[in-house]
Amino acid sequence: MNIIDIAKENIEDFSELLGPDIAEDMNRQFYRGFGAVDDSGAVHGAMIYELFGVDLDGDTTSRIVALEGDSQDIKDELKNAYAKDVTESSIDKSFYETPNEVMADDLVSFGFSKNAQEGREVIVTLADVAKIPIDLKAKLPPYIVTLSDVSVIQYRNFVKKAILKGNKGSVDDLAYLSRSWFEKDVSSCSVTDDKIDGVFLIRKTPSGVLQTKLYTAYGPEYVKKLGFLLIKTIQSGLENYPPETKIAINRHSKEVAAMTKKILASAKGENVFSGTRNG
């Protein structure tokens, strides 16, 4: 069995095994992976992970995204390749969260802990969101627009500001993501004096799920702007997608978790397994 790096050039070979969403994410700056192929090039396994903190002076952490293999020996070879990269890339800590107990047990054998808990991600539909207790027919001020209404320069300038404030939402590679990576007709922006001072950025995955990525606003009226951005994004979502469209909310921070609990009190994450290991 041959263990090879998975990159943009060969990710299509692994897309059937990994699914379209992970395959697309392999084009991003901090996603890495190893694949197991035989001498004929047939795929027999893959391990995918995402790095965090690479651009910072602190610790580098790694999130295990996927571990698949036709046999335990193949999985062990993939884990050995990962262990080598842990050393070469100075990864301080690794973690995972998955509903797949087989994957969790494979990682336990690799030195990870294992805990059962509610997942950070909540899946709802546009129909669910349309029922939240806010006025979705409210007339919004003209400075609340969609991402498609702002320029690339305005978007880039806001990204620089957000990163300087340490605010990347659930996308650690925000600095490397183009405006077109987000769903421009659903994502919303607040614009003051020709500058973006608030966003609700949504990503549409290849599988059709709308993912919340960054929800923030700045300035003395940031709370009001956050409310407007929420209404605008929901309005745009309902205009562009059917009500059964799934929305994935990653409760990556206390603020997002609190907002989710307030407006979607009955929404719960699925049961998952999580764990960590040093390196």
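**Exercise 1. Find which residues of helix α8 (residues 254-263) are buried, and describe how they are arranged.**

*Solution.* Start with the list: V256, M259, T260 and I263 are buried in α8. Here buried means under 20% relative accessible area, exposed over 50%, and partly exposed in between (1.4 Å probe, protein chains only). Helices (H or I, at least four residues) and strands (E, at least two) are DSSP runs, numbered from the N terminus. Next, look down the helix: the four buried residues cover an arc of only 100° around the axis, which puts them on the same side of α8. That arc is taken from the directions from the helix axis to the C-beta atoms. Now turn to the face pointing away from this buried side, where you will find the exposed residues K254, K261 and K262. Finally, ask what the buried residues pack against: β6 (115-125), β10 (210-217), α7 (222-240) and β11 (246-250).

A word on the model before going on: it is predicted, so local features need pLDDT of at least 70 and side-chain atom pairs count only at pLDDT 80 or more, while totals for chains, interfaces and linings use all residues. Residues are numbered from 1 along each chain as its sequence is written, and side-chain values use heavy atoms, with hydrogens and water left out.

**Exercise 2. Describe the surroundings of E97, starting from the strand in which E97 lies.**

*Solution.* First, place the residue: E97 belongs to strand β5 (residues 93-98). Second, check its accessibility, which at 31% makes E97 partly exposed. Third, collect its contacts (heavy atoms within 4.5 Å). Leaving aside neighbours within four places in sequence, E97 touches Q117, G119, R120, E121, V272, F273 and S274. Fourth, pick out R120 from that list: its backbone nitrogen lies 3.0 Å from a polar atom of the E97 side chain. For contrast, take L140, 43 residues away along the chain: its C-alpha atom is separated from that of E97 by 38 Å.

**Exercise 3. How many aromatic pairs does the structure hold, and which parts do the pairs F52–F95 and Y155–F182 tie together?**

*Solution.* The count is twelve aromatic pairs. Rings of Phe, Tyr and Trp (its six-membered ring) pair if their centres lie within 6.5 Å; planes under 30 degrees apart count as stacked, over 60 as edge-to-face and the rest as tilted.

- Take F52 and F95: their pair is tilted, with 6.1 Å centre to centre and 40° between the planes. F52 sits in strand β3 (residues 43-52) and F95 in strand β5, so the pair ties together parts that are 43 residues apart in sequence. F52 is buried at 18%, whereas F95, at 23%, counts as partly exposed.
- Now take Y155 and F182: this pair is edge-to-face, 6.3 Å centre to centre and 65° between the planes. Y155 lies in helix α6 (residues 152-164) and F182 in the loop between α6 and β8 (188-192), so parts 27 residues apart in sequence are tied together. Y155 is buried at 2%, and F182 is buried at 3%.

To finish, look for a cluster: F34, Y49, Y82, Y96, F110 and F112 form one.

**Exercise 4. How many salt bridges does a search of the whole structure find, and where do the partners of R28–D173 lie?**

*Solution.* Begin with the principle: side chains of opposite charge can pair when their charged atoms come close. The criterion is a side-chain nitrogen of Lys or Arg within 4 Å of a carboxyl oxygen of Asp or Glu, and the search finds 14 salt bridges.

- R28 meets D173 at 2.8 Å, N to O. R28 lies in the loop between α2 (20-25) and β2 (31-37) and D173 in the loop between α6 and β8, so the bridge ties together parts that are 145 residues apart in sequence. Both residues are buried, and D25, R28, E50, R63 and D173 are linked in a network of salt bridges.
- D85 meets R32 at 3.2 Å, N to O. D85 is in helix α3 (residues 72-88) and R32 in strand β2, so parts 53 residues apart in sequence are joined. D85 is buried at 9%, whereas R32 is partly exposed at 32%.

**Exercise 5. Which residue forms a salt bridge with K114, and over which ring does its charged end sit?**

*Solution.* The salt-bridge partner of K114 is D105, with the closest N and O atoms 2.7 Å apart. K114 is partly exposed at 31%, and D105 is partly exposed at 37%. For the ring, apply the test for a charge over a ring: NZ of Lys or CZ of Arg within 6 Å of the ring centre and within 35 degrees of the ring normal. The charged end of K114 sits over the ring of F273, 5.0 Å from its centre. F273 is also one of the contacts of E97.

Notes:
A polar contact is a pair of N or O atoms within 3.5 Å; within protein, one must be able to donate a hydrogen and the other to accept it, and residues adjacent in sequence count only if both atoms are side-chain atoms.
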